[in-house]
Amino acid sequence: MAKLIHMDLYRMLKSKSFLLCLLLSFVLAVSGTPVSRLLFTLTTSLAGDTTTLFPAEALFSSMLSEPFPLLGLLLMMLSLCYFFYADVENGYIKNIAGQMPMKGFTVLSKFIVAFVHNLIFVALDIIGNLIGTVFIQRIVMDAQVLDSLRVLALKLLLVQSLCALLLLAVTTLRSKSLGMVLVVLFGLGLTPLIYMGINEGLKPLFGQETDISRFMPDTVMNEEPLDTLKALAVAIVAGAVFLIPAIRIFDLKDVK
């Protein structure tokens, strides 16, 4: 298993899609504050407002608690989609799965490597945000930094549960197109539209107050404040609900 994880990690780090998405994510993170400053200047100029000033300071805690600037989440999940499907698309999975006692170990390996993948993206996005901000605003180390680290850790866990769903769609069901749809929905925050439809279907059974979005990882991730126990519960349950079937189904299917 350790060798499989090492192999997947090496494959992921050498992937062109990973490097390209990581570079684009970093560039967007660097440009976030300058673009915001430019838009603010244009807006105030057109409105003739000379009294409102662009904030001179930026809180370091805010940068930590918001690790996906601009299209950061979309690019990160897009990279994962290509990584999850690469061995299936190229037939590489046939050579590896046959050597494992359980073919499902290949799914678990990719899930573990996905966490490293996400850490790299988040770290580089935060660094890029810092670089882009330091020339525009003064970065303040405020008292909320420790709490922001808690929020950052919880968001990483919630994103990891989304990775389990992406794995189920892309690797187990072998549907890159479905994976791309999920990437767009999660990356652009369009899932509430899906949840609304599901809620309408469930209301006759569970009542008019039914709202599954309150327990979905991508929705919980954007809650203010982010509750630790709820975030942990959602991340663990959602991860298990998607990862366990992904492993079991893949283990039972013939590898093509």
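Leaving aside neighbours within four places in sequence, T33 is in contact with F54, N129, G132, T133, I136 and Q137 in this predicted model. T33 belongs to helix α2, which spans residues 16-47, and because its relative accessibility is 9%, below the 20% limit, T33 counts as buried.

**The nonpolar core**

The largest nonpolar core of the model holds 55 residues, and of these F84 and L166 touch the most other members. The elements that each give two or more residues to this core are α2, α3 (60-65), α4 (72-89), α6 (105-134), α7 (145-172), α8 (176-187) and α11 (228-252). Of the contributions to this core, that of α7 is the most, at 16 residues. As general background, nonpolar side chains in soluble globular proteins tend to be buried together.

The surroundings of L166 can be set out residue by residue. When residues up to four places away in sequence are not counted, L166 touches M77, L80, C81 and F84, and also T171, G179, L182 and V183. F84 therefore appears twice in this account, as a contact of L166 and, together with L166, as one of the two residues that touch the most other core members.

**Salt bridges**

The structure holds five salt bridges, and the table lists some of them, including the closest N to O distance for each pair.

| Pair | N to O distance |
|---|---|
| R11 and D8 | 3.0 Å |
| D147 and R150 | 2.8 Å |
| K230 and E223 | 2.9 Å |

The side chains of R11 and D8 meet in a salt bridge, and because the two residues are three apart in helix α1 (residues 2-13), they are separated by about one helical turn. R11 is buried, and D8 is buried as well.

The salt bridge between D147 and R150 also joins two residues of one helix, since both lie in α7, three residues apart, or about one turn of the helix. D147 has a relative accessibility of 35% and therefore counts as partly exposed, and R150, at 27%, also counts as partly exposed. Helix α7 thus holds both residues of this pair and also gives the most residues to the largest nonpolar core.

In the salt bridge of K230 with E223, the closest N and O atoms are 2.9 Å apart. K230 is partly exposed, because its relative accessible area is 26%, and E223, with a relative accessibility of 24%, likewise counts as partly exposed.

Technical notes: Residues are numbered from 1 along each chain as its sequence is written. This is a predicted model: local features need pLDDT of at least 70, side-chain atom pairs count only at pLDDT 80 or more; totals for chains, interfaces and linings use all residues. Side-chain values use heavy atoms; hydrogens and water are left out. Helices (H or I, at least four residues) and strands (E, at least two) are DSSP runs, numbered from the N terminus. Buried means under 20% relative accessible area, exposed over 50%, partly exposed in between (1.4 Å probe, protein chains only). Contact means heavy atoms within 4.5 Å. A nonpolar core is a set of buried Ala, Val, Leu, Ile, Met, Phe, Trp, Tyr and Cys residues joined through side-chain atoms within 4.5 Å. A salt bridge is a side-chain nitrogen of Lys or Arg within 4 Å of a carboxyl oxygen of Asp or Glu.
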